Amino acid sequence: MPLEKLSLIMIVKNEEAHLGECLRQASGFVDEMVVVDTGSTDRTREIAAAAGALVAEFSWTGDFAAARNRSLELATGDWVLMLDADERMDDLNGVQLRRLLDGADPSLSAFCTRIESEARHHHSGVWLSHYYPRVFRRAAGVRFEGALHEQVIGPDGPLGLRAPRLPVVIRHLGYADAAKEAGRRDRNLAIIESEAGRRPGDVLVKRNLANALLAAGEHERARTLFQELVQADLPPDLSHQARWHLAMCCLELGRFDDTEQILSGMERSQGTVLLRAEGLRRSGRPESALPLLEGLLTDPPEERETSMDFRVEPAHLLVQMAHCERARGCPVRARERLLEALRLSPDSPEVHMELGMLAEDAGELEAALAHHRRALELHPYLSEAYRSRSRIRLLQGDAGASMAELEDGLAHEPGNAALVAMKRTLAARSPLGGPPAGTWPGLTLAMIVRDGAGSIGRAFTSVAGLADEVVVVDTGSADGTPELAEAADARVLRSAWNHDFAAARNTALEASRGEWVLFLDADEELDPLSASEVRAVLLGGEWDAAEVLIQNRLAGSSALSGIAHRYCRLFRKLPGVAFRGRVHEQILPSLIDAGARVKRTSIRILHSGYALDPASMRAKQERNLALLEREVNDHPQDGFIRFHLGVTLFALERRDEAARALRAALAGPGLPVEARALAHVKLAQVALASGRLPEAEADLAEARALRPGSPLVGYITAGLHFMRGEFAESASELERLVSRGDTAGWEEQLDEGDLRMDLGNCLYKLGRFEEAAAHYARAVELRPLDPRRHYNLGNALYRIGKFGPALVGFQEALRLDPGMTTARENAWECSLRLAESLAAEGRDRDLAGLDPAGGPPALSLLVAGGALRSGDAPRAAELLLECEKVDPCDAACRLLLAISLRQAGRLDESLQRFERLAAGNEMDAPALTQYALTLLDAGRETEAGIVFSRAVQLDPSLAGRAAA
């Protein structure tokens, strides 16, 4: 039976860069090649003819199906394979395709192949995978339909709905050329918008329009359409795609909570996990993104068989993890991830670009330029690399070179919005070649202070090289703060305190002369790793304000050692913009009213103002409470004020009042997601403190829904399990937190040592003492001056029979806290068990080294025995004399004391004790022998003989040993 014939059909236009290689590969396994050209002006037709293809011309009508149908008319094969010029099917896949087709069931009319498309613009090792009917029988009634993303239609409808899948891969490289891709997006959007007008009720057309809008950057319109598609009755495959693309739209629009909610409800796949991680990172939660990326690296999900998905190479995952580490202020870890990625993929432009960004953060400008240059050599369409190089040139004082970098980027990506905006900003500052000072938008550091002499210098230092002026409003310092500020060339304004933080900040704002203003407090400083991002916001021209992360360090020994919140502190000085609120004042509502474009950034401000002693912290909270109560009276409907009131009352341990305020805040509109989550956390803590466990569980469930993966919610959930006696569940939750590798998140910072203490307690309750000891030991290492940690470690070690290390733990706890009576009692018990063990092993010298002071007489007796046997009779005698005081009737102590006194040369005292023992008839043969020896030492031979005779009567073997 002759083999069936396979035809390749293609439509092309200006594809001289790609077509030759595509045809060369295909010629090895197809029987004919049909190429329909729709108006090329380059060598496309000549290349096709030279490869042996049948070449036909077709006038482009804005309809892909019409052009495809022309190629189908020209084909003569039994089977048809459809490829584009920027696609590749290598020999291995081609041979496999022919083998499968030659043995295909005659009833089958089409097959789907796997299309892998390289991610747009990055050459990053991320491949989008989806299945499409690219192979079908050429038969009557088979045709293409659809002006864009055309479908293969048969007599019974689209062939792809019932076509089985072949294990054959087609590689699509079309996203590599950014300029060409931009033109293609514009063309596709025009085509599909026209078709949508003709077919308004067609679901597939609506999907294609939504995809085209997303690709063109019209995210809000795309989101609306994808939302409609999600709610429509679609096949599972299309429904999955619509939800994923809806999440992508929400991500690009900054609707991060919507993104997380959509994706968390979808099954785990490469695509959903990767997009979730991106959303978490962009929303300022890189610590939550890291475990997701780690999971993809170590335990990737199985390949989906029902929809599109991504195939992600390990190097890209490492780059994304480095991006997260960089965002959370861990440059060393970021560099480690990138070097590993570089080892796996030495020619990855993405890796070099990220190394350049890391170098820029560290101020290593020449190294940054070199990495970006290498990235652009590998792939010249990386706009962020051009922008970074432009920023660096500007910092180096070369405005002309800075502009040239932007021009170079625009030559490769004409119309790139970020590059255009930065060029416009730069051009408005200074003519080419002008002085660099004129190229930088003025930045004012504005501050309100009172008695900040101890910390204000660090605030000034943190913005050195960024701020063009410093404005300080002093509200009544008595510690020399204004003079320190003036000495640092700050402009100081003195203003009476009127119990209104917004008024004081507005005074500083009005005095600021920069185009941009950055607000810091005296106890704050800009994270050094954020300087490059501040420059990027100011120079980018895309934004008017930046939300930053305020990282608060907390005092005390609770597991929550830090907490962070988002706040707008960096913004353009726009007309009418002013702070609002007596306390916890805000600028963002005013900026929004002014139409400002606000960017959520990774910029961090480090705040130490809550790391105060308890008295100072309470005074600060009492001050805030008075202001908040006035604000609530003035604005009773403002849920955000009530939220802050509840948090302040909670800090002051007025928990019932705090709960009422927080419930009222949650009942009102407009409370941000982060605040809602924290309100539920505080309510759960109030309920736990009162033993209302079901109520606490309900609030924790609400908080978890708002903040999936929150370390703080997980920690309090572990506490709830512990209170219920669910130690295994509590341990599991704590192990998850500890295994994150770094418990410092953006929103919450949990102390690793406290987490390990709590985990150790759970494991101890479960009888897993060795594991508990390991966690206690790590907790001790992290905070060696905490007596409770040493005490718990001692208990766990005691339970596994390690009495020596356990004793060290108890002794260290006592050294740190002499009043810890349980540690003292446990140390004595541990010493006794250790002494028994040493005595049983015959380790008298080690036994003699123990300190039995204050312990039970049995311990002193054992230690004295060891001392006596190891030749230290004087110490043995002193220990036993103390024992005798505690228990004068202990026969064993009295005998051992008599022997030790003899060996210490204190014969009279020894004889006194032997005589008392003899009078009480408390001596066996060995004891009588010791008595006889003592009498001999005293020169009383006759009495010694009588006593020894009595010993022989009790043990006749003594006579033989004496003779020997």
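**Entry 1: G767 and the helices around it**

I began with G767, which follows α31 and has a positive phi, near 80°; helices here are DSSP runs of H or I with at least four residues, strands are runs of E with at least two, and both are numbered from the N terminus. The model is predicted, so I kept in mind that local features need pLDDT of at least 70, that side-chain atom pairs count only at pLDDT 80 or more, and that totals for chains, interfaces and linings use all residues. Residues are numbered from 1 along each chain as its sequence is written, and side-chain values use heavy atoms, with hydrogens and water left out.

I then checked the length of α31, whose 14 residues should span 20 Å at 1.5 Å a residue (the expected span being 1.5 Å times one less than the number of residues); its end C-alpha atoms are 20 Å apart, which agrees. Among its buried residues (under 20% relative accessible area with a 1.4 Å probe and protein chains only, where exposed means over 50% and partly exposed lies in between) I noted G753, L755, M757, L759 and C762.

For helix α32 (residues 769-782) I found an expected span of 20 Å and end C-alpha atoms 20 Å apart, in agreement. Its buried residues are F769, A772, A773, H775, Y776, A779 and V780, and they pack against α31 (752-765) and α33 (787-799), contact being heavy atoms within 4.5 Å.

**Entry 2: nonpolar cores**

I looked up the largest nonpolar core, a core being a set of buried Ala, Val, Leu, Ile, Met, Phe, Trp, Tyr and Cys residues joined through side-chain atoms within 4.5 Å. This core has 123 residues, and F519, F571, I587, L591, F643 and L850 have the most contacts inside it. Helix α27 (residues 673-689) gives the most to this core, with nine residues. Apart from it lies another core, of 105 residues, which includes V34, V135, A289 and L355.

Leaving aside neighbours within four places in sequence, I listed L509, C568, F571, V577, A578 and F579 as the contacts of I587.

**Entry 3: three buried positions**

Which residues does R582 touch, not counting those up to four places away in sequence? I found H499, D500, F501, A502, L627, R630, E631 and D634. R582 sits in the loop between β19 (560-572) and α23 (588-593), and it counts as buried at 17% relative accessibility.

C893, in helix α39 (residues 891-903), is buried with a relative accessible area of 3%. Beyond its neighbours within four places in sequence, C893 is in contact with L861, L880, C883 and E884.

A247, in helix α8 (residues 236-252), counts as buried at 0% relative accessibility; with neighbours within four places again set aside, A247 is in contact with T259, I262, L263 and L275.

**Entry 4: positive phi outside glycine**

N14 is not a glycine, yet it has a positive phi of about 50°; I placed N14 in the loop between β1 (6-12) and α1 (19-26), partly exposed at 29% relative accessibility. D451, also not a glycine, has a positive phi of about 55° and belongs to the loop between β13 (443-449) and α19 (456-462), where it is partly exposed at 41%.

**Entry 5: a small sheet**

I traced an open sheet of three strands in the order β8-β9-β10 with antiparallel pairing, strands being paired if DSSP finds at least two bridges between them. Because β8 (143-145) and β10 (157-158) each have a single partner strand, one side of each is left without a neighbour in the sheet. Three bridges join β8 to β9 (residues 151-154), and the bridge partner of F144 in β9 is V152.

**Entry 6: salt bridges**

I counted 62 salt bridges, taking a side-chain nitrogen of Lys or Arg within 4 Å of a carboxyl oxygen of Asp or Glu as the rule. E829 and R833 meet at 2.8 Å, N to O, and, being four residues apart in helix α35 (residues 821-841), they are separated by about one helical turn.

E525 and R458 form a salt bridge at 3.7 Å, N to O; E525 lies in strand β17 (residues 524-526) and R458 in helix α19, so the pair ties together parts that are 67 residues apart in sequence. Last, I noted that E515, D544, R572 and R597 are linked in a network of salt bridges.
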